Amino acid sequence: MDAQRQQGRFYQRLLFEKRQESPRHGEGSEGGTRPSPREEQQASTANGPARALTEHLMEEVADRENLNRAYRRVKANRGAPGVDGMTIAAARDWIVAHKEELIASLISGSYQPQPVRGVQIPKPGGGGMRQLGIPTVIDRLVQQAILQVLEPLLDPTFSESSYGFRPKRGAHDALRQASKYVAEGRAIVVDMDLEKFFDRVNHDILMARLSRRIGDKRLLRIIRRFLEAGLMQEGVCVARYEGTPQGGPLSPLLANLLLDDLDRELSRRGHAFCRYADDCNIYVCSQAAGERVLASVTAFLEGKLRLRVNRDKSAVAPVSERKLLGHRLLGDGTLTVAPKSIQRAKERIRRITRRNRGVSFERVVSELNSFTTGWVTYFRYAKAKGALQELDSWLRRKLRCVRLKQRKRATSIATFLQQLGVPKNQSWTTAACGKGWWRMAQTPAASQGMSNQWFQDCGLVSLLDRYLQLQH
């Protein structure tokens with residue numbers, strides 16, 4: 001088995017094996033769509049000494065080692081097939097047969113992406129549907145290869161107050177900075193919500209921002225084609241004139257590039273802010289100042305970047321009344337778990353412990369552990385001891401419901417409770433009480449038999465215990 005794994009890794013590294021000569025710009029395949037006048041005009045806007053250094057980026061994108069790294073990342077990320085139905089496993093055989101054509105089309109700038117497969121998923125908390133666009137595996141490979149070249153060039157130029165989808169930065173860094181702002185006395189937050197941001201990105205504005213920094217016309221043409229690739233949904237391919245659907249490796253970087261204009265404007269004005277992707281919070285000292293900032297920043301976003309601010313969800317309020325990345329900030333900068341985050345956790349637990357699932361108790365516990373350990377790890381910096389105690393108690397009661405219903409009949413329930421050490425009379429009183437499962441799970445007999453220690457012996461991870469472990 002180890003030998004097979006080693007052979008698999010060796011094969012992946014050599015999937016795009018090096019050759020002595022590679023196609024140069026202008027050579028190789030001419031297949032695909034030729035550049036349109038708009039593409040040429042857009043690409044020609046990059047000039048100057050700094051941008052001249054980026055005129056041969058497609059050679060770096062099409063470098064075989066770069067493509068090998070991109071393939072390994074795409075394979076590790078797994079992901080569903082695109083419109084062509086090709087899986088990750090099938091992509092390897094396709095690459096072996098067509099890699100020279102693929103590299104040649106990248107070098108020449110003629111690579112033509114396929115439409116993305118449209119998928120809608122519910123937003124957390126029942127806030128409507130989110131549109132995803134799943135590119136084909138080969139398109140994801142090319143996007144990943146482009147990302148690996150562009151990210152080291154673009155990311156260092158982004159604002160220090162931008163934290164989303166960036167290397168060595170994350171949600172906890174944004175929360176830490178926001179907590180500092182509030183502790184300094186900025187207890188009013190301007191919570192900006194961009195309405196369907198990824199669906200409303202203006203292609204011309206985005207490409208103009210990109211062409212300021214990138215001089216390779218071939219790369220700019222291919223990126224525009226990715227932006228304009230159709231959206232296939234329910235058998236119908238719809239042309240796209242705006243938006244960069246979530247689902248491709250390149251979308252987060254392009255979103256950060258566009259919103260970098262917002263970051264620069266806020267920094268120029270001297271605002272204290274944290275932005276995580278399209279979530280932007282600006283911290284001020286008074287309600288009046290917040291109202292002025294909300295009005296002026298809305299005018300900037302809608303006027304210059306042609307984005308739409310959701311006026312129903314955007315607000316100026318004390319920090320304790322809003323949430324940031326699932327957390328709530330108190331007036332002194334203390335982080336707590338937002339009530340909506342607790343509600344969403346309970347909804348997930350309800351789905352796992354649904355009593356008509358027909359799965360074993362051991363599997364339920366395993367699925368719960370998988371979810372709760374990750375959830376607690378994310379909220380490890382919040383002040384959450386009391387909330388986690390209550391959630392632990394509620395979770396154990398849900399599991400008692402599951403176990404009691406799995407026994408079904410009164411005789412089986414009484415026998416089960418007696419096996420757990422509950423006296424016979426008390427076991428039968430509970431089993432024959434006629435109460436619903438939720439009420440029965442809170443009876444003294446159920447609590448005595450299925451005690452905290454019993455759950456621990458079953459392998460259930462306590463949220464509070466996990467939280468306390470992470471504090472050391």
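In this predicted model, four strands form an open sheet with the order 2-1-4-5 and mixed pairing. The edges of the sheet are occupied by strand 2 (129-134) and strand 5 (236-238). Each of these two strands has a single partner strand, so one side of each is left without a neighbour in the sheet. Direction ignored, neighbouring strands of this sheet are turned by 40 degrees against each other on average.

Within the sheet, strand 1 (residues 116-122) pairs with strand 4 (residues 231-233) in the parallel sense, over two bridges. Opposite Val-116 stands Leu-231, a residue of strand 4.

The second topic is the pairing of charged side chains. Side chains of opposite charge can pair when their charged atoms come close. Across the whole structure, a search finds 21 salt bridges. Three of them are set out below, including the N to O distance of each pair.

| Salt bridge | Distance, N to O |
|---|---|
| Arg-218 and Glu-59 | 2.9 Å |
| Arg-218 and Asp-216 | 2.8 Å |
| Arg-268 and Glu-265 | 2.7 Å |

Arg-218 takes part in a salt bridge with Glu-59 and in another with Asp-216. Salt bridges that share partners thus join Glu-59, Asp-216 and Arg-218 into one network. Arg-218 belongs to helix 10 (residues 217-228) and Glu-59 to helix 4 (residues 57-61), so their pair ties together parts that are 159 residues apart in sequence.

The members of this network can also be described by their accessibility. Arg-218 has a relative accessible area of 1% and is buried, because buried means under 20% relative accessible area. Asp-216 is buried as well. Glu-59, in contrast, has a relative accessibility of 29% and counts as partly exposed, because that class lies between the 20% limit for buried residues and the 50% limit for exposed ones. The salt bridge from Arg-218 to Asp-216 therefore joins two buried residues, whereas the one from Arg-218 to Glu-59 links a buried residue to a partly exposed one.

The remaining pair in the table lies within one helix. Both Arg-268 and Glu-265 are found in helix 11 (residues 251-268), where they are three residues apart, about one turn of the helix. Arg-268 counts as exposed, at 60% relative accessibility, while Glu-265 is buried, with a relative accessible area of 14%. This salt bridge therefore connects an exposed arginine with a buried glutamate.

Technical notes:
Residues numbered from 1 in each chain as written. Predicted model: local features only at pLDDT ≥ 70, side-chain atom pairs only at ≥ 80, totals over all residues. Heavy atoms only, no water. Pairing = 2+ DSSP bridges. Axes fitted to C-alpha atoms, helices over the stretch in contact; angles between N-to-C directions. Salt bridge = Lys/Arg side-chain N within 4 Å of Asp/Glu carboxyl O. Buried < 20%, exposed > 50% of the residue type's maximum accessible area, 1.4 Å probe, protein only.
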